[in-house]
Amino acid sequence: ARTTVIAAAAAAAARTRRGAVAMASGVVRLFPVPREPQPPRVEHHVVHASARLLDFLASRIDGVDDVSGKELLDIGAVWMAPAAPPRSTRGVPRGERARRLTVKDAALALEVGNYLRVHVSPKRFPAAYDVDWRGCVLVNGAEFIVAHKPARVSVVPTVDNVRESCLAMLERELGIERDTLKPIHRLDVGTEGVLVLGKTSAFAKEFGDMLAKRECTKVYRVLTTREVPLGIHVHDCVPAPSGPRRMLFELVENYDEAEEIAKLRIRDAGERGGESGPQRCVLRVLECARMTDAANDECQYETRVELLTGRTHQIRGQFAALGAPLVGETLYRAPGESNGDDDVRMQNPDERLGLQASELHVHVDSSLGAAGTVFKAHEPWWVRERHE
């Protein structure tokens with residue numbers, strides 16, 4: 001079966017190199033999966049004459065036939081609302097908002113005035129098909145799953161793809177009913193490591209509270225080409241006013257270490273809700289060891305980091321602010337090494353970061369196990385590849 005997947009992927013990549021956008025003879029095809037990112041293509045339509053959904057897709061969208069129409073529905077790339085919705089859904093009743101359609105809706109009777117949004121070229125995660133998902137499961141409990149999330153795969157479904165996420169792949173591999181697994185924390189697409197998913201709402205709440213109260217902590221392994229000083233590092237961060245969605249980090253030079261640690265014991269609204277001002281980011285560098293890549297003799301460093309606060313892109317941003325951007329980083333630059341918004345971009349789905357959530361330490365008795373339980377990820381990709 002794996003040979004078939006690899007062969008299919010190679011065929012798709014060949015089509016892409018010939019200039020096709022996941023198309024064969026001008027017809028859209030989502031499978032085999034193209035191995036290179038495709039330019040986005042989103043179409044908005046208002047129904048002017050009653051029609052069956054699949055017939056409408058095939059007749060109104062260039063390159064779509066019955067086969068690709070079903071593929072778009074199956075991957076979750078088609079949304080419908082009773083009428084064209086406003087730009088903001090605030091105050092709009094749920095029944096009037098756009099909902100994601102599935103392949104079961106192929107024969108849905110569309111009415112005049114209905115609105116459709118179709119992501120004809122959805123974001124893809126081809127690496128999802130190369131993963132041994134059963135081998136990624138670290139613990140399969142009654143109320144939760146602890147898994148090793150691979151790089152290059154999204155934790156949750158995207159707006160245009162429900163099939164190629166960690167949630168969907170694990171549910172399919174383990175025979176769990178669709179939409180059962182609940183994300184409680186996130187890892188970036190390019191990041192790998194320990195991921196906890198809930199099977200019940202009760203566990204999701206329990207683990208969310210544990211994170212907020214620091215009753216469990218995370219240790220990361222980080223790959224850089226520059227050394228980072230040991231000890232506590234403190235920055236304040238705010239959202240960037242322009243460019244790609246990211247945070248701006250400013251070093252806090254004058255602080256009391258004991259006071260900063262004491263503050264972490266208090267439940268912080270910034271962990272699970274909005275703060276209007278700068279967010280305080282604190283991490284502790286435990287170890288920083290030099291590595292040598294025999295292939296190109298490039299000097300690299302692997303660092304073990306205890307994350308003391310859980311902010312968006314915290315390790316990525318703090319390491320860049322310390323002058324040591326992660327290997328594979330595209331969004332954050334070292335001070336003095338950026339040309340502004342033109343120099344940064346979001347990662348593509350086929351790229352990965354030198355970042356792994358390597359350990360989850362549980363400090364209290366809980367559904368995850370007794371106090372002292374530690375969940376460990378597989379070896380990070382940069383170690384595995386050295387031994388291949």
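**Entry 1. Aromatic rings**

I began with the ring cluster in this predicted model. Ring pairs connect F144, F203 and F207 into a cluster. I then counted aromatic pairs for the structure and got five.

I took F144 and F203 next. They form a stacked pair, 5.1 Å centre to centre, with 25 degrees between the planes. F144 belongs to strand β10 and F203 to helix α6 (residues 201-212), so the pair ties together parts 59 residues apart in sequence. I checked burial: both F144 and F203 are buried.

Then I went to F31 and Y129. Their aromatic pair is edge-to-face, at 6.5 Å centre to centre and 90 degrees between the planes. F31 sits in the loop between β2 (27-28) and β3 (42-46), and Y129 in the loop between β8 (115-119) and α4 (133-136). The two are 98 residues apart, so I noted a link between distant parts of the chain.

Are F31 and Y129 buried or exposed? F31 has 33% relative accessibility, so I put F31 down as partly exposed. Y129 has a relative accessible area of 26%, and I entered Y129 as partly exposed too.

**Entry 2. Charges over rings**

I looked for charged ends above ring faces. R124 lies over the face of F31, 4.9 Å from the ring centre. F31 therefore appears twice in my notes, partly exposed at 33% relative accessibility and with R124 over its face. I also found the charged end of R352 over the ring of W381, at 3.9 Å from its centre.

**Entry 3. Strand β10**

F144 led me back to its strand. How many residues of β10 are buried? I got six of the six, so β10 is largely enclosed by the rest of the structure. I split the strand by side. F144, V146 and H148 lie on one side, with I145, A147 and K149 on the other. Both faces are covered, and these residues are all buried. The split follows a general rule: side chains in a regular strand alternate between the two faces of the sheet.

I listed the neighbours. β9 (residues 137-140) pairs with β10 in the antiparallel sense, over three bridges. I followed the chain from β9 to β10 and found a hairpin through three residues. N140 has I145 in β10 as its bridge partner.

On to β12. Six bridges join β10 (residues 144-149) to β12, and the two run antiparallel. I marked two of the contacts. V146 has V196 in β12 as its bridge partner, and K149 has G193.

**Entry 4. Strand β12**

I ran the burial check on β12 as well. Seven of its seven residues are buried, so β12 is largely enclosed by the rest of the structure.

Which strand pairs with β12 in the parallel sense? I found β18, paired with β12 over two bridges. G193 stands opposite A357 in β18. G193 is also the bridge partner of K149. I logged β11 (residues 182-183) too, antiparallel to β12 over two bridges. There K182 has G198 in β12 as its bridge partner.

**Entry 5. The cavity**

I searched for enclosed space. The structure holds one cavity of 30 Å³ or more. I read about 50 Å³ for the largest cavity.

I wrote down the lining: H185, L187, V194, V196, K218, Y220, A357, E359 and L360. Six of these residues are nonpolar, one is polar and two are charged. Two of the names were already in my notes. V196 is the bridge partner of V146, and A357 stands opposite G193.

Which strand gives the most to the lining? I found that β18 does, with three residues. At least two lining residues each come from β12 (192-198), β13 (216-224) and β18 (355-362).

**Entry 6. A four-strand sheet**

My last stop was an open sheet of four strands. Their order is β3-β8-β5-β6, and the pairing is antiparallel. I checked the edges. β3 and β6 (99-100) stand there with a single partner strand each, so one side of each is left without a neighbour in the sheet.

I then looked at β3 and its partner. Five bridges join β3 to β8, in antiparallel fashion. I took one position as an example: V42 stands opposite H119 in β8.

How values were computed
Residues are numbered from 1 along each chain as its sequence is written. This is a predicted model: local features need pLDDT of at least 70, side-chain atom pairs count only at pLDDT 80 or more; totals for chains, interfaces and linings use all residues. Side-chain values use heavy atoms; hydrogens and water are left out. On a 1 Å grid over the protein atoms alone, a cavity is a set of points where a 1.4 Å probe fits but cannot get out, and a pocket is an open set with protein on both sides within 12 Å along at least five of seven lines; lining residues have an atom within 4 Å of a point. Grid points are joined across faces, edges and corners, and a volume is the space filled by probe spheres set on the points. Ala, Val, Leu, Ile, Met, Phe, Trp, Tyr, Cys and Pro count as nonpolar, Asp, Glu, Lys and Arg as charged, and the others, Gly among them, as polar. Buried means under 20% relative accessible area, exposed over 50%, partly exposed in between (1.4 Å probe, protein chains only). Two strands pair if DSSP finds at least two bridges between them. Rings of Phe, Tyr and Trp (its six-membered ring) pair if their centres lie within 6.5 Å; planes under 30 degrees apart count as stacked, over 60 as edge-to-face and the rest as tilted. A charge sits over a ring if NZ of Lys or CZ of Arg is within 6 Å of the ring centre and within 35 degrees of the ring normal.
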